[in-house]
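Grab a coffee and open the viewer. Here are some short exercises, each with a solution worked through in steps.

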Amino acid sequence: DKLVTCLLSSTAGSAAGLDLCTVEGTGSGARVAGIATSTSTPAGRCRTKADCSGADSVCEMTNTTSKCTCQDGVDSCLSFGQCVDFCHSAAVLAQLQKANQLVITCDPVLANTCPGSLVCQPSSAGVRLDCSGGRIQLNVTGGVCAPAARELQAAQFGTTGSTVVVTVNAVAKDTSAPCSAIFDAASLALLGTSAWCTVFDRQMTIRLDPSATLVPGQT
């Protein structure tokens, strides 16, 4: 094996010193192609809210672009986002969608605006999140779109036999309470006096009391 050494000869560029970020390795050499000379914020991009104009603008980092410089022969890169209105940012839109997807709200005082065969019924669940002027706010509509009549669609015992999952035809208000607050006396006698009901979306999970007499196929 031979030891190969590289000796920089005295050139015009060597007077400016060594620079690992140039093609020739000297201070006056040509910069490596595609590498910026600084990481200043590109036009239309941002690193923080301070880079954005407008009181309601924020710097969103979901669709970024990178800008790299060379430091001591190593790429040094920064990511830059885009300035968007707070209410149109991806995080806020996702929050609104998640909060409002379970119910269709309506105003029971106005003419029915519900889709299909649904009707507007007064309900404490008639609230929705909206965003305006850079703020998320809770709007109370006082009603929800629901079927004219609530109907049981399915009921099934859980795998352990200690619970029953009931599916209804409309979204109900989330709650967790004694089943005595929901069922009449005859139904409660089947579930057991201390049965507990948890409601989420279109399903109710009933945790049966040890004294329950309900059996599969019973109505």
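Helices here are DSSP runs of H or I with at least four residues, and strands are E runs of at least two, both numbered from the N terminus. Keep in mind that this is a predicted model.

**Exercise 1. Get your bearings: work out how many helices and strands the protein chain has, and what share of its residues is buried.**

Step 1. Count the elements: you should arrive at 2 helices and 13 strands.

Step 2. Now go for burial. Of the 219 residues in the protein chain, 26% count as buried.

Step 3. Look at how contacts span the sequence. Taking contacts between residues at least 6 apart, 46% join residues at least 24 apart.

**Exercise 2. Decide where the predictor is confident, and which strand has the lowest mean pLDDT among the elements.**

Step 1. Start with the whole chain: its mean pLDDT is 83, and 87% of the residues reach 70 or more.

Step 2. Go element by element. Strand β2 (residues 57-71) comes out lowest with a mean of 85, while strand β13 (residues 203-207) is highest at 94.

Step 3. Check residues 2-14, where pLDDT is below 50; in the model this stretch has 7 contacts beyond near neighbours in sequence.

**Exercise 3. Place N169, and say whether it is buried or exposed.**

Step 1. Find N169 in the loop that runs between β10 (163-168) and β11 (175-178).

Step 2. Read off its relative accessible area, which is 16%. The cut-off for buried is under 20%, so N169 is buried.

Step 3. List who touches N169. Skipping neighbours within four places in sequence, the contacts are P147, A149, R150, E151, Q153 and R202.

Step 4. Pick out the polar one: the N169 side chain reaches the backbone nitrogen of E151 at 3.0 Å.

**Exercise 4. Hunt for charged and aromatic pairs: how many salt bridges does the whole structure hold?**

Step 1. Recall the principle: side chains of opposite charge can pair when their charged atoms come close.

Step 2. Search the whole structure, and you get 1 salt bridge. The partners are D130 and R128, with their closest N and O atoms 3.1 Å apart.

Step 3. Ask how accessible the partners are. D130 has a relative accessible area of 23% and R128 has 28%. Partly exposed runs between the cut-offs of 20% and 50%, so D130 and R128 both land there.

Step 4. Try the rings next. The same kind of search turns up 0 aromatic pairs. Still, F80 has something over its ring: the charged end of R47, 6.0 Å from the ring centre.

**Exercise 5. Trace the surroundings of S176: which residues beyond its sequence neighbours does S176 contact?**

Step 1. Locate S176 in strand β11, where its relative accessible area of 45% makes it partly exposed.

Step 2. Leave out neighbours within four places, and the contacts are W196, C197 and T198.

Step 3. Zoom in on side chains. S176 meets the side chain of W196 in a polar contact of 2.7 Å, and that of T198 in another at 3.5 Å.

Step 4. Add a C-alpha distance: S176 and T205 sit 29 residues apart in sequence and 9.4 Å apart in space.

**Exercise 6. Do likewise for A155: is A155 buried or exposed?**

Step 1. Find A155 in strand β9 (residues 152-157).

Step 2. Its relative accessibility is 53%. Exposed means over 50%, so A155 counts as exposed.

Step 3. Beyond four places in sequence, A155 is in contact with V164, V165 and V166.

Step 4. From A155 to Q203 is 48 residues along the chain, with C-alpha atoms separated by 9.5 Å.

**Exercise 7. Finish with two loop aspartates: what is the phi of D201, and which backbone nitrogen does the D184 side chain reach?**

Step 1. D201 lies in the loop between β12 (196-200) and β13 and is partly exposed at 25%.

Step 2. Most residues other than glycine have a negative phi. D201, though, has a positive phi, near 60°.

Step 3. Move to D184, in the loop between β11 and α2 (185-191). D184 is partly exposed at 48%, and its side chain reaches the backbone nitrogen of S187 at 2.9 Å.

How values were computed
Residues are numbered from 1 along each chain as its sequence is written. This is a predicted model: local features need pLDDT of at least 70, side-chain atom pairs count only at pLDDT 80 or more; totals for chains, interfaces and linings use all residues. Side-chain values use heavy atoms; hydrogens and water are left out. Buried means under 20% relative accessible area, exposed over 50%, partly exposed in between (1.4 Å probe, protein chains only). A polar contact is a pair of N or O atoms within 3.5 Å; within protein, one must be able to donate a hydrogen and the other to accept it, and residues adjacent in sequence count only if both atoms are side-chain atoms. Contact means heavy atoms within 4.5 Å. A salt bridge is a side-chain nitrogen of Lys or Arg within 4 Å of a carboxyl oxygen of Asp or Glu. Rings of Phe, Tyr and Trp (its six-membered ring) pair if their centres lie within 6.5 Å; planes under 30 degrees apart count as stacked, over 60 as edge-to-face and the rest as tilted. A charge sits over a ring if NZ of Lys or CZ of Arg is within 6 Å of the ring centre and within 35 degrees of the ring normal. pLDDT is the predictor's confidence in each residue, from 0 to 100.
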